[in-house]
Structures are given as C-alpha cells and as structure tokens.
Amino acid sequence: MDSNGVTDKKVLEGDRDLQFLMNGGDLLKVRSESWKKTRYFKLQEDCKTMWHESKKTLKTKQTFSIEDIEEVRTGRQTDSLRKYTEETLEGRAFSILFKGRQKSLDLIASTEEEAKKWVSGLEKVISSLNNLSSQKKTEHWIYSSLRKADKNLDNKMSLKEVKSFLKDINVEVHEDYAEMLFKECDKSNGGFLEGNEIEHFYKILTKREEIDVIYGEYAKTDGLMSANDLLNFLLTEQREEVSQNDALQLIEKYELDENAKAKQQMTQDGFLMYLHQPEGLIFNQAHKSVYHDMNQPLSHYFISSSHNTYLMEDQLKGPSSTEAYIKALLKGCRCVELDCWDGSDGEPVIYHGYTLTSKILFKDVIKAIKEYAFKTSEYPVILSLENHCGVEQQKIMAQHLTSILGSALVTKPLGDQMPTCLPAPEELKGRFIVKGKRLDKLENAFSDESKMADEESVSEEEDDEGDEENNEKKSGSLKLAKELSDIVIYCKSVPFHGLEDSREKHSFYEMASFKEGKALKLAEESATEYIRHNTDKLSRIYPGGMRTDSSNYNPVPMWNAGCQIVALNFQTPCLEMDLNQGLFYQNGRSGYILKPSYLRERDTEFDPITPTKGPWLKRKTLHVMVISAQQLPKVGKRESAIVDPIVKVQVYGVPADTAAVETSYIKNNGFNPMWNENFQLEVCVPDLALVRFLIEDYDSTSDNEFIGQYTLPFNSLRNGYHHVPLLTQDGNLLSSAGLFVHIMVVDTE
C-alpha cells in the first residue's frame, strides 16, 4: 500500500546512507559489563520505523519509531558506553537517545566507516521527518495505520480490515456506518477497496466540516479565496495587522494547486495547510525568538532552573546520570544543581547524599555540561554547587571547573571596578557562573585582602537543602578551599534571617536558598516586601525534603513574588513542569524571561494576593471556543479502548485569575471529536497568567487519563481560529494530534 511520499522518499531516493539503513546490518548492543549482544537492525520500507531482532533466538522482532528519537550521538558519549567499553572503540560507538523515558540504545558497529553510515543515515531520516508538514504527518499516520490493518498484505482492504483500521485510528463507528462508508468507496463492487478507492476513503475520513464552514464564509471568488478574501479573513477573524501583500505571500507559500496559485487564489486544501503552519498556530510567532531586553541585571529575569539535576527518577534510590544534565540543558534549563561529595581515588562524585542513588564523577558532569550548555540557548548557565566535600577534593573540583570550562567560566567580576549590580544575560552569553559559598566579600577581589589563607571555615547556617533534607548532624562550619571560594563571583550563598536583615546586610551578589514552604509563606504573607527583595538579589527556591518521589510544588506563586531561580525536578512529568515549559517556551527558549516592570522596581507596591489599581491591572476577557480535535492517541493499557475526550481550559496566575472550564466529553471518538462549546474567563493580571489546554480521556468511575496538553503565556495567545499543538506528559510533540479553537481576547477596562 503506497503512502504516496512517506518521509518524502523522493528527497532521500538514491541516498547511499539511506540504502545502507534499508539493507540493515548487525550491531553490538551494550547494556552492562556482561550483557553485550549482537542484534540485527533495519529501517523498514515506510522510512519511519526501525526494527531489530536477535538472529540466534529469532525472538519476536521489536520496532521503534524514528519520531521517538531525540538524538543520535557519536562516540562513547553515554554513561554506559564510557563505563562498559574500551577507549579503542570510540570511532565505532554511537547511541540512539529517545524522547521521554525510553532507555537509550548503546551500539557498536563493526567498523568506523559503518558507524558513520548508521549515524548519517539516521540523522537524514530524522531531519526529513521533522521537515514534513502537518498534512504529510497526518498522511503518514493514517497510511501506516492502513498498512497495519491490511493483515494479508495484498494492498486491498476488506470490510473487516476497514473496521480494524477505524478502531486503530481511535474512532468507533457503528457497523452500519462502516458498511455505508465501505460501499460508497467500493466503486468496482469487488468487495474490497484498492488504489483510488482507498484514496477516496482517506479523503472522506479526513474531511474537516468546521474548516468547510469557515472557508465557505470567506471564499467569495468563484468558490475560491482570492488574496482579498484571505486578507478579509486575516483582518476580521484573526485580528492581524496585515496587508494584501501578506495574504499573497501566504498563498505563494502554502497553496498546493499550481493553477490556483497562478491566479493568486487559495483552495480549501491550501487554507487548511496554512492553518497547520506556524502562522496558523495559537502561539504568537513574534514571541518565538528572543524579543525581551536582555541587557538588564540577572535579578530582573525568571531563570529556568532544575533541582537535583543529576537524578533520572526518585530522590532515594534512582540512578544519577550525566544524561539528566544533558536533557535539562536541551530543554533550555539555565541553572543546574551539583550535589558534590568526596569520592574514592581522590575524585569528587555527584549523588544525593545519604541515599542509595548511584554516583557519577564530578568531572564527567562538567564535561557533559560544557558540551551541551549552549545548544538550545546561548545565555549563561549557573552551576549551583551543593558542596559536601573535604578541602582536598574541593581543590580538585575547582581544578576541573577551571580546566574543563576554561575562559567560559566567570572567575572575576566583569570590568575593572567593583560592580554595583548583577551583570546582564547579554554580557554573559556562553559563560558559566558558579553559585556556592565564598570566604570573603567580592570587593576583596579588587584589593590585596584576598591574599588570605588557603582554607578557612564558613558558616553553615544557610538554609542549605543538603543539610535540611537529610538531617545531617553538622558542626556548624564547613572548611572551604580558597581555590573553590575564589571562583564564586556573582552568586555567593548566604543564610537568610529575614527580609529586613537581608536588606541591611547583604550585597547584590549574595543570595539565599528557600525551601518551598518558607518561600510560599513569604509570597503569601509579605508579598510586596519579598518582591522588593527580589528586584536586586537572586532567590533560589527548591522542593521540600518530603518530596522523595521527585514530585514538584506549584512554581506560579514563586514567580508572582519575583523569585528568579524556581528549581523544579525536571525529570518528573507533571502539571508544574508543563507550566515551566509553557513560561519558558517564549523568548527564543533562552531560559531567561524578563519580569514585568512592577516586579523589577525597588519601590513597587504590587501585591499578587490582592492586586489593587496599578500598572499591573489590565482587565481582559478571554473568549474561547473549543471546536474540535484531530487524531488523539489511545491512552492507558487497554489497546482496544477508544477514548472519550474531554477538554479543559485552565488559567494559572495571581489567585484572582486562577480558573478552569471544561467541555462535555465525546463518547468513543479520538479521531475527529467535535465540541463547538464557548467559554469566557476573566483575567486581571495578564502579564503573569499562563493558559493551559488539557485533553483527557473521561472516566466516570476513576480519574480521567491524560491525553495531551499545551501551555503558553496569556500574552502569547493569538486571536482567531488556530490549531493548538499537543504535547505528551514528557513535553514532546504529539506529531499528528491537535486541538482546533477560536480565541478572542477583549479589553474590559
């Protein structure tokens, strides 16, 4: 059954690396010191599925989708390959890393040449899939389901196979309807569908009635949309500030029919294509790149931050891994945590002290951080040190930091005079800042006073999470090596003894860490004072010690109080991480979001708990029409079950704005459910509001099951008809699924 252009094969046809993948070959799969086995790998005909099997046992072959691959990494670049293979295999080794929680595949090819072919071929197929339009992805999904339903592989579809296919794509249809659909397409009356009949069947299935209605309303030129008609739609429905030239550009870009394009007209297929492109999505494209002023002090930004970054799972016995740092950095995280302890052989290690979590070498983590720190964002990375090492291994830590990070590490204040405020993200592009304890004041870096003893004791009174979480019996002081102390420049950890004490005694480069409970108390009971504190000093918030399952606290009240480093467990898929990803998706995924002016001004009167009149009050009404959804995946363990989708629209922000509405549920239809339900939500501080679209599988007897979600800042919403992409719980895109809505934001001042 031809998928007419799966993975745009035409683009890849004749490519030697692709041919190599399709012929397949043996690779050594590495799991541990003792588990290294040969497996046969091959790219299937659809160019989007890999299968592998053991030749000896001929076990059932296993497959994985190319779409599930996060990255193909050359060399011995994972913990397992470094640990279980010799250095001589560097050129033959490569790893396939997956999105979400799927374990990576560590592989060794027979020769270096073959390893290059595997890596190059896989990267080409991944790139080709990523460049497919939503239309093509839909075709992919439907055609691969059609192929799966064609049980006897005769390129024909019997009625039984059609019913199996409909179930597979998550739509339950009445027997009569399936038969009616089948008969309508079986023009040859042969009792099965083939060729053009399958094409016709596909067209009936993917027909979008709601698009018919919208298109019909504006297509006033011989049944098609002229540039003027399209402009009318863009101005009236989408409320965009555009000209006829913009409409012509959209036609040029997305119209599929060459005849229509020549007449500067848009067909319904072209219109649907446009609605699936970035221009048709709900997120304001102007916010996708860096659009904030990046020249203000660091304390004026929300900074994407991770807690116990080294952990892959829970806080007590899960694995520690350099991979966890790589994943966090690739998600745009700009503040990572390193829990450092004395290791054997004189090498410091990172793990969660006093627990059974595994250990990784400090130097391996620093190497991984250096490699991946600036792939997603070029803005500075803060290394938050939780230091439990003795003086000797602290010196080794300092040595690794300076030798591995080199000139990228900030080892002295910028400029030749003592600064009066924190530097700006723009000034620190591509740089690393160490957060930790320091023996003396930063001012001493500009005087001879810094020539002090090699080590001294510093107070351990800080709200230090390592000590608090593990009830460590501490002596009240920690010996600190001068070498490590000297590279703490802009983020000196200090104890917090109240807002007044901090205002009087602490300088701009001195910062405190707050357990979530303490921070929430300040955010609720002393909100305005806490906001003022956060205008020139950094605050780091971390989860309470009871969260041994790596669950997260709600970051929104902390952001509302101006806290910058709100550290979350990045490894845990949850609502709180959805909110974090939603906030930091804007501004080029730089990991830095400029706070609103009233969270940056020293004399601000803003109180998020009771926001009275002020520049923050911009009352708006959000009108949402939830229209339809497309190709929702099945959920849960029962493969046979069809979903009953329900949509929730939630607002998170200041307490007065926090609200949620939901649609009714649609029974047995995950393929093309239609709601056409209208809602209205009032928002008074839009700058701090996030909007979350959530789709669940409704269950009357137990909790609904998660299907997909999408979160974005309120100010990044676009008016008009838009598709809403859907993400998995791990924050990855569900490639063919989507929600279709109409949005209208109205000022109500």
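Biologist: Of the 749 residues of the protein chain, what percentage count as buried?

Modeller: This is a predicted model. A residue counts as buried when its relative accessible area is under 20%. Among the 749 residues of the protein chain, the share that meets this is 57%.

Biologist: What does the protein chain average in pLDDT?

Modeller: Of the residues, 88% score at least 70. The average pLDDT over the protein chain is 88.

Biologist: Over which residues is the pLDDT below 50?

Modeller: One such stretch is residues 1-11, with 32 contacts in the model beyond near neighbours in sequence. Another has 26 contacts of that kind. Where pLDDT is low, the predicted coordinates should not be read in detail. The stretches to treat this way are residues 1-11 and residues 465-475.

Biologist: How many helices and strands does the protein chain have?

Modeller: Both kinds of element are present in the protein chain. The counts are 23 helices and 32 strands.

Biologist: Among contacts between residues at least 6 apart in sequence, what percentage join residues at least 24 apart?

Modeller: A contact here means heavy atoms within 4.5 Å. Taking the contacts in the protein chain between residues at least 6 apart, the share joining residues at least 24 apart is 68%.

Biologist: Which residues have the most contacts inside the largest nonpolar core?

Modeller: The largest nonpolar core has 72 residues. Its largest share, six residues, comes from helix 15, residues 362-372. The residues with the most contacts inside this core are L338, I369, L401 and Y530.

Biologist: Between which domains does this core lie?

Modeller: Domain 4 covers 298-443 + 478-599, and domain 5 covers 620-747. Both give residues to the core, so the core lies between domain 4 and domain 5.

Biologist: Which residues is I369 in contact with, leaving aside its neighbours within four places in sequence?

Modeller: I369 is one of the residues with the most contacts inside the largest core. Its partners beyond those neighbours are Y325, L329, V336, L338, L383 and F432.

Biologist: How many residues are in the second, separate core?

Modeller: This core includes V626, V647, V691 and F714. Its total number of residues is 35.

Biologist: Is F362 buried or exposed?

Modeller: F362 is found in helix 15. Leaving aside its neighbours within four places in sequence, F362 has contacts that include L338, C340, P348 and L401. The C-alpha atoms of F362 and L338 are separated by 8.2 Å, although the two residues are 24 apart along the chain. With a relative accessible area of 0%, F362 is buried.

Biologist: Why is helix 23 largely enclosed by the rest of the structure?

Modeller: Helix 23 spans residues 575-584. Its buried residues include E576, D578 and N580, along with M577 and F584. Helix 23 is largely enclosed because the number of its ten residues that are buried is eight.

Biologist: How many of the nine residues of helix 13 are buried?

Modeller: Helix 13, residues 268-276, is mostly covered. Its buried residues are G270, F271, L272, M273, Y274, L275 and H276. Out of nine, the number buried is seven.

Biologist: Which residue of strand 32 does H722 stand opposite?

Modeller: Strand 31 (residues 720-727) has eight of its eight residues buried, so the strand is largely enclosed by the rest of the structure. Strand 31 pairs with strand 32, residues 733-747, in the antiparallel sense over seven bridges. In strand 32, the residue opposite H722 is V741.

Biologist: Which residue in the turn between strand 31 and strand 32 has a positive phi?

Modeller: The two strands form a hairpin with five residues between them. The phi in question is about 90 degrees, and the residue is G731.

Terms used:
Residues numbered from 1 in each chain as written. Predicted model: local features only at pLDDT ≥ 70, side-chain atom pairs only at ≥ 80, totals over all residues. Heavy atoms only, no water. pLDDT = per-residue confidence, 0-100. Buried < 20%, exposed > 50% of the residue type's maximum accessible area, 1.4 Å probe, protein only. Helix = DSSP H or I, 4+ residues; strand = E, 2+ residues; numbered from the N terminus. Pairing = 2+ DSSP bridges. Core = buried A, V, L, I, M, F, W, Y, C linked by side-chain atoms within 4.5 Å. Domains from an automatic or database assignment.
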